[in-house]
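Work through the exercises below on charged side-chain pairs, and compare each solution with the coordinates as you go.

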Amino acid sequence: MIRILIFLLMIILFAGSITYFASLDSRVAGEAFGYKFDGPSGLIGGGLFAAFLIVIYITHKIKDIMALPAKVRARDKEVRRNRGIAALTRGLEAVAVGDAADASHHAKVAQRHLDDLALTRLLGAQAAHLSGDEAAARIAYTAMLEAPETEFLGLKGLYLQAMAKDDRAAAREHAERAFRLRSNARWAFDSVIELGLERGAWGEARDAIARGRRNNIIAADKADRATAALLTADAYAASLGDDKKAALTDVEAALKLAPSFAPAAVLAARLFSDAGKAGKAAKIIELAFTAQAHPAYVQVYDKLYTDESAEKRAERLRKLAAKNPSCREAKLLEARADNLVGEWTSAIKVLEPLLTGAPTALEYSLMASAVGGLGGEDEARIWLERAAAAPRDPRPGAEGEFHITREGWARLVREYMDFARLAPPPLEDIAAGVSVEEIRLLTAPKAPAEPEAAPPDVVPVQGDAEENAQEASTSAAQTSAATTDEAASQPSQDGDEPMADDEDVERIAAAARKVL
C-alpha cells in the first residue's frame with residue numbers, strides 16, 4: 001500500500017514538473033565552451049533536471065557495482081556462519097544424547113565455519129570429554145580461559161576434571177577463581193564451601209558464606225546456622241590450644257547467631273565455669289535449654305553445682321526443667337532431682353512414661369537408682385542390667401561432652417546448616433521399652449518373708465529338761481526295739497538266730513547320750 005502511494009506521488013510530481021516547465025514562455029540564451037545556445041527556458045530547465053536525475057542513477061549503479069565483491073563476501077560469510085550454527089546446534093544435541101562421534105564431527109564442522117572460537121571450543125571440549133580424550137578437553141577448557149566470555153565455563157570444566165582425578169588443590173583453585181568471577185554461581189559457592197570444610201578451613205568457609213548471603217545464594221537463617229557452627233569449630237580448636245580468650249570470643253559470637261546450638265552452649269558454659277563464673281554458665285545453659293533441649297545440658301548443668309547440698313541441687317534442676325517442661329530432658333531432670341533428695345517413688349512415677357517409649361541407658365540408670373533407693377541393691381540389679389544392654393542416646397554430645405574430629409565438624413556444619421540438627425536421625429529406631437504392667441511389677445515392694453518352720457530333729461529350747469530327756473530315752477528305746485525286730489525278722493546268712501548289728505547298737509547309744 002505504501003509503495004503504491006509513493007508511486008502515485010512520483011507520477012504526480014513528474015507530471016507537475018513537466019507542466020511547470022512547459023508553461024514557461026521565456027527563452028534562455030547563452031554561450032558555454034565556445035558554443036552558443038538559445039532556446040525556451042522550459043526545455044532547457046527540464047533537460048537540466050533530467051540530466052541531474054540521470055547522473056544520480058548512474059552514480060548509484062556505479063556504487064552498487066563497486067560494492068558487489070563485498071556483498072559476495074558477506075553473503076558467503078553468512079552462509080558459512082549459518083552452516084556453523086547448524087553444526088553447533090547438532091553438536092550440542094549430540095552431546096546431550098551422548099553420541100561422542102557425532103559430537104566430534106559437528107564440532108570440527110563448526111570450528112571450520114565459525115569465527116567465534118568461544119562456542120566452538122566449548123563444543124569441542126564437550127565432544128572430547130564424551131569420547132574420553134581428557135587431554136584434548138583440558139586443552140579446550142584452558143583455551144577458553146583466554147576469552148572473558150568463556151572463562152567461567154572453562155573454569156567449570158577444569159574443576160570437574162580436577163574433581164574426577166581427585167586433585168583437590170586444583171579443584172579448589174578453579175572453584176575459588178570461578179566464585180570470584182561470578183559470586184552468584186551456585187556450583188562455585190557449593191564447591192568452595194565443600195572443599196573448605198574438607199580441609200578444615202573454617203575461616204574461608206565463613207567468608208564464602210558471607211559472600212553467598214550478600215548475593216542471595218543462601219538463605220539468611222542457613223547462613224546464620226552455618227556461621228555459628230564454623231565459629232564453634234574454631235572455638236573448640238582454640239580451647240584445645242589453650243587460647244581460652246579466642247575460644248570464648250568465637251563461641252559467644254556463635255551463640256548470638258544460634259542460641260540453641262548445643263556444642264557452643266556447652267563449651268561456653270565450661271569456659272565460664274573454669275573462670276569461676278558459674279552463674280554466667282548456668283544462664284547460657286538455661287537459655288539454650290529453653291530454645292531447644294539437649295541431653296548434654298542435663299550433665300553440664302548438674303556439674304556446675306556439685307559442691308552444693310543435694311536439696312539445693314535438686315531445686316536448681318527442677319528450675320531448669322520448668323523452662324521447657326514438655327521435653328524429654330525436663331523429665332530426666334525431674335527424675336534426677338527426685339533421686340538426689342531420696343524421693344524414690346516420685347522418680348519412678350516420672351520415669352514410667354519415658355520407659356514405655358524408646359528408653360536409652362540413661363532412663364534405665366535413673367530407674368535403677370530410684371528402685372535401689374526404695375528396695376535395695378538386689379531390686380536395682382535388673383534395671384542396671386537393662387541399662388547395660390540399652391542403646392545410648394544417638395545424638396552427639398549426649399554424654400555431656402563434644403569430642404568431634406575435623407571430619408565430624410565438617411559433617412556437623414553441613415547438617416546444622418541445611419537441617420538445623422546436629423546429626424541425621426538413626427537408620428533404626430530405638431527398640432520399644434518396658435510395658436506399664438512390667439514396670440509396676442518390677443517396682444512393687446516385696447512382701448515380708450514368712451518365718452521358716454523348725455526342723456523335726458531340732459531340740460526345743462524351752463521346756464522341762466527332764467521331760468525332754470525322758471522323751472529322748474523313750475525315742476531311743478523305741479528305735480532300738482524297732483531295729484532289733486528288723487534284725488530278728490531277717491534270717492542270718494550263716495543260719496544262726498538273728499541278732500542286732502553292733503553298728504546299730506552303737507548308733508542308738510550315741511543318739512541317746514547326745515540327747516541326755
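The exercises that follow treat salt bridges and the burial of their partners.

The model is predicted, so local features need pLDDT of at least 70 and side-chain atom pairs count only at pLDDT 80 or more, while totals for chains, interfaces and linings use all residues. Residues are numbered from 1 along each chain as its sequence is written, and side-chain values use heavy atoms, with hydrogens and water left out.

**Exercise 1.** Describe the salt bridge between glutamate 151 and arginine 177.

Solution. A salt bridge requires a side-chain nitrogen of Lys or Arg within 4 Å of a carboxyl oxygen of Asp or Glu; here the closest N and O atoms are 2.7 Å apart. Glutamate 151 belongs to helix 6 (residues 148-164) and arginine 177 to helix 7 (residues 168-181), so the pair ties together parts 26 residues apart in sequence, helices being DSSP runs of H or I with at least four residues, numbered from the N terminus. Glutamate 151 is buried at 15% relative accessible area, whereas arginine 177, at 31%, is partly exposed (buried means under 20%, exposed over 50%, partly exposed in between, with a 1.4 Å probe and protein chains only).

**Exercise 2.** Assign the helices and the accessibility of the partners glutamate 352 and arginine 440.

Solution. Their side chains meet in a salt bridge at 3.3 Å, N to O. Glutamate 352 lies in helix 17 (residues 344-355) and arginine 440 in helix 21 (residues 436-443), so parts 88 residues apart in sequence are tied together. Glutamate 352 is buried at 16%, while arginine 440 is exposed at 52%.

Note on methods: Helices (H or I, at least four residues) and strands (E, at least two) are DSSP runs, numbered from the N terminus.
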